[in-house]
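The following note is offered to a colleague who is opening this structure for the first time. The points concern the ligand, its pocket and the enclosed space.

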Amino acid sequence: MFLTPGDPDDLRLGAAAILRQHYGAEATVAARAPGRVNLIGEHVDYHRGPCLPLALEHATHVALRPRDDDRVRLVSRHSDEPWEGTLDECASATGWAAYAAGVLWALRDSGRAVPGLDLAVDSTVPVGAGLSSSAALECAVGVAVASLVDPDLLTTGRRELAQLCIRAEREVAGAPTGGLDQTVAMLAEAGAALLVDFDDDSTHQVPLDLTAEGLALLVTDTRVSHALVDGGYGARREDSEEAARRLGLESLREARLGMLDDLGDERLRRRARHVVTEIERVAATVDALESGDWTAVGGLLDASHASLRDDYEVSCAELDLATTTAREAGALGARMVGGGFGGSAVALVPAERVEAVAAAVDTAFAAAGHRPPAHLRAVASSGAALLG
Ligand code: ADP
Ligand code: MG
């Protein structure tokens, strides 16, 4: 199954139609924000490392109408539970609505005079696939509401708006997001990946025109989540932070491979080796992209996967099968993306092999008794925007 990004006009009309149908309201503001996939740089953000995500064409659209009172009504095509409350109650919204109401709360908390409103959501970002549907929702809401309360947030204040969306996810939805998702959803540009360096929070556009190279990025959503409580994220993070402490470092960003022998513990050494080598791989990937060395990019994706599988131990049978099969069917390289234990994988594939690689993965999944996966093409797209 291929998930298409949908016609942007249809999505926009879809959100407006939901608003009309549920609340009898005509939208006065519309906005969109993209999902994202991380090309490389996994499990390094909490060690001040860099990563290289791109925004997808797959996006979340919102349509809203401000109200004269302090009521907030939220509805999404992807939930059968609309939410209704007051502006004050946005701070304690639960479920899917927390991601949207949380943004209203964060904007108010920053001193902006947010009005009551009715808001509808439509989206082609797969939910819970590690492609950041949550940040897409927050950033679409953020842009739409910012246009009403402080339009500077759409231009010079974009980073601040991303921060407010991060606060919504952390403080209202209660998810420990690192902030990458909202950063790329807000700052991405079409035709480029966004190098985000958590050492100094700097961002750089890295041109990525795969179509011109006859290549494509195939994303496969395994549609499984083997996550225990926190997805193993907390345990891996603790291991790698303990490794940094034992080396006397604030984070593994300052570590070098040669130092890791001093870590007595074999498990900690492997965890640290993933972080150190993954940070090196991001820089190598940027170099390879700049020189057009696609074979090297593929090799780096493969090496990232092996490191996440063997050293960080966050892969799973479905992710290993998706990446191995993609390589065997002609991919230049493939790796799991996101936190791990399920979610999605990405493969760099000659454009004419995309369908064949996806079909090979489908066949392998069926033979292994796994649920059919979902595929999409990742095309580097632009960040959140108000729709005129
Ligand atoms: P990811 O961001 O990788 O897709 P998360 O668990 O971070 O996964 O966020 C998924 C959650 O975000 C969903 O469970 C839902 O609560 C909310 N969400 C995202 N997109 C939508 C949408 N279009 N409509 C309703 N809720 C959404
Ligand atoms: Mg998310």
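**Note on the ligand site and the internal spaces**

1. Ligand 1 is surrounded by 16 residues, of which Ser76, Gly128, Gly130, Ser133 and Ser134 come nearest; a residue counts here if one of its heavy atoms lies within 4 Å of the ligand. This is a predicted model, in which local features need pLDDT of at least 70 and side-chain atom pairs count only at pLDDT 80 or more, while totals for chains, interfaces and linings use all residues. Residues are numbered from 1 along each chain as its sequence is written, chains are lettered from A and ligands numbered from 1 in the order in which they are written, and side-chain values use heavy atoms, with hydrogens and water left out.

2. Three serines make polar contacts (pairs of N or O atoms within 3.5 Å) with oxygen atoms of ligand 1. A polar side-chain atom of Ser133 lies 2.6 Å from one such oxygen, and a side-chain N or O atom of Ser134 is 3.0 Å from an oxygen of the ligand. Ser132 takes part through a backbone N or O atom, at 3.4 Å. Taken alone, ligand 1 exposes 560 Å², and the protein buries 78% of that (Shrake-Rupley method, 1.4 Å probe).

3. Ligand 1 sits in the largest pocket, meaning that more than half of its atoms lie within 2 Å of the pocket's grid points. A pocket is an open set of points on a 1 Å grid over the protein atoms alone, with protein on both sides within 12 Å along at least five of seven lines; a cavity is a set where a 1.4 Å probe fits but cannot get out, and lining residues have an atom within 4 Å of a point.

4. Helix H3 (133-149) and strand E6 (117-123) each give two or more residues to the shell around ligand 1. H3 gives the most, with three. By class, the shell has eight nonpolar, eight polar and no charged residues.

5. The largest pocket holds about 1300 Å³ of space. Among its 49 lining residues, Arg36, Gly130, Ser134, Glu169 and Asp181 are the closest to its centre. The lining comprises 19 nonpolar, 24 polar and six charged residues.

6. What is the count of cavities of 30 Å³ or more? The count comes to one, and the largest cavity contains about 50 Å³ of space. Its lining includes Leu218, Thr220, Ala322 and Val361. Strands E9 (215-225) and E11 (342-350) and helices H9 (317-328) and H10 (354-368) each supply at least two lining residues. By class, this lining has nine nonpolar, two polar and no charged residues.

Technical notes:
A polar contact is a pair of N or O atoms within 3.5 Å; within protein, one must be able to donate a hydrogen and the other to accept it, and residues adjacent in sequence count only if both atoms are side-chain atoms. Helices (H or I, at least four residues) and strands (E, at least two) are DSSP runs, numbered from the N terminus. Ala, Val, Leu, Ile, Met, Phe, Trp, Tyr, Cys and Pro count as nonpolar, Asp, Glu, Lys and Arg as charged, and the others, Gly among them, as polar. Grid points are joined across faces, edges and corners, and a volume is the space filled by probe spheres set on the points.
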